[in-house]
Amino acid sequence: MKSAPVEKPAAIAPAIPRVLLAEASLPYRRVIREALMAFRICEVDDAPSGERAFELALQREYSLFLFSLPLPDMTGDMLDRLLSKAYPMVHSGVHAAPPVIFLIQPGDALRFQELQRDVRVRGSMPLPPKLDVLLAVTASLLPERHGFTFPPPHVP
């Protein structure tokens, strides 16, 4: 009697990196989310407050946090400190919270310098968002999306 051929398990595709963005401004969140999804291989969840971002971080695993320093209900660095303690406790097999990039206003530069001592802090991006800075600061953290081309300029 012949035995049935053994099927090889299907190759599991690597998970797409997921980014958590916390910023109060809807237009800024939209620009950052759309730019990341256009130029980087990732999915982006966004939240208008620290409280909502905290809830999302406890529900899903993330590869990167993008937190605005000024948030309506708490500061971005406070949110990051809370998540650095809680995140590994709720996600099995995770030993540390993901790296964080802070979105800063011009007046936050000195405060950001103090935050840079944390090994998880990978940089900052000034607000309003700038595409070149966003792509530069995420270059080593998120894979580049290949094949994206800008449409040709409209010439009348």
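This passage describes the fold, the nonpolar cores and selected residue contacts of a predicted model.

The secondary structure of the chain consists of five helices and five strands, which follow one another along the sequence in the pattern β-α-β-α-β-α-β-α-β-α. The chain has 156 residues, of which 41% are buried. Among the contacts in the chain with a separation of 6 or more, 64% are accounted for by residues 24 or more positions apart.

Part of this alternating arrangement can be followed in the segment from strand E4 to strand E5. Strand E4 covers residues 100-104 and helix H4 covers residues 109-115, while strand E5 comprises residues 121-126. E4 and E5 pair in the parallel sense over five bridges, and Val100 stands opposite Val121 in E5. Together with H4, the strands E4 and E5 make a β-α-β unit that is right-handed. Beyond E5, the peptide bond from Leu127 to Pro128 is cis, with omega near 0°, and Pro128 itself is found in the loop between E5 and H5.

The largest nonpolar core contains 22 residues, and those that touch the most other members are Leu20, Phe65, Phe67, Leu79, Tyr87 and Phe102. At least two residues of this core are supplied by each of strand E1 (18-22), helix H2 (50-59), strand E3 (64-68), helix H3 (76-90), E4 and H4. Apart from this core lies another, of 17 residues, which includes Val19, Val44, Leu66 and Met125. For Leu20, when neighbours within four places in sequence are left aside, the contacts are with Asp45, Ala53, Leu56, Ala57, Tyr62, Leu64, Phe65, Leu66 and Phe67.

Phe65, which lies in strand E3, has a relative accessibility of 0% and therefore counts as buried, the cut-off being under 20%. Its C-alpha is 4.6 Å from that of Val100, although Phe65 and Val100 are 35 residues apart in sequence. With neighbours within four places in sequence again left aside, Phe65 is in contact with Leu20, Ala57, Asp80, Leu83, Tyr87, Ala97, Pro98, Pro99, Val100, Ile101 and Arg120.

Aromatic rings were considered next. A search of the whole structure finds four aromatic pairs. In one of them, the rings of Tyr62 and Phe65 have their centres 6.2 Å apart and their planes at 55°, so the pair is classed as tilted. Tyr62 counts as buried because its relative accessibility is 7%. Ring pairs link Tyr62 and Phe65 with Phe67 and Tyr87 into a cluster.

A further pair is formed by Phe102 and Phe112, whose ring centres are 6.4 Å apart and whose planes stand at 70°, so this pair is edge-to-face. Because Phe102 lies in strand E4 and Phe112 in helix H4, the pair ties together parts that are ten residues apart in sequence. Phe102 and Phe112 are both buried.

A polar residue with its own set of contacts is found in helix H3, where Asp77 lies. The relative accessible area of Asp77 is 11%, so Asp77 is buried under the cut-off of 20%. The side chain of Asp77 is joined to the side chain of Thr75 by a polar contact of 2.7 Å, and it also makes a polar contact with the side chain of Arg111, at 2.7 Å. Not counting residues up to four places away in sequence, Asp77 touches Leu69, Phe102, Arg111 and Leu115. Among these, Phe102 has already appeared as a partner in the ring pair with Phe112.

Towards the end of the description, Glu144 lies in the segment after helix H5 (131-138). Its relative accessible area is 46%, and Glu144 is therefore partly exposed, a class that lies between 20% and 50%. Glu144 and Met37 are 107 residues apart in sequence, whereas their C-alpha atoms are 9.9 Å apart in space. When neighbours within four places in sequence are left aside, Glu144 is in contact with Phe39, Arg40 and Ile41.

Terms used. Residues numbered from 1 in each chain as written. Predicted model: local features only at pLDDT ≥ 70, side-chain atom pairs only at ≥ 80, totals over all residues. Heavy atoms only, no water. Phe/Tyr/Trp six-rings, centres within 6.5 Å; stacked < 30°, edge-to-face > 60°. Buried < 20%, exposed > 50% of the residue type's maximum accessible area, 1.4 Å probe, protein only. Helix = DSSP H or I, 4+ residues; strand = E, 2+ residues; numbered from the N terminus. Core = buried A, V, L, I, M, F, W, Y, C linked by side-chain atoms within 4.5 Å. Contact = heavy atoms within 4.5 Å. Polar contact = N/O pair within 3.5 Å; in protein donor to acceptor, adjacent residues only side chain to side chain. Pairing = 2+ DSSP bridges. Right-handed = clockwise from strand over helix to strand, strands pointing away.
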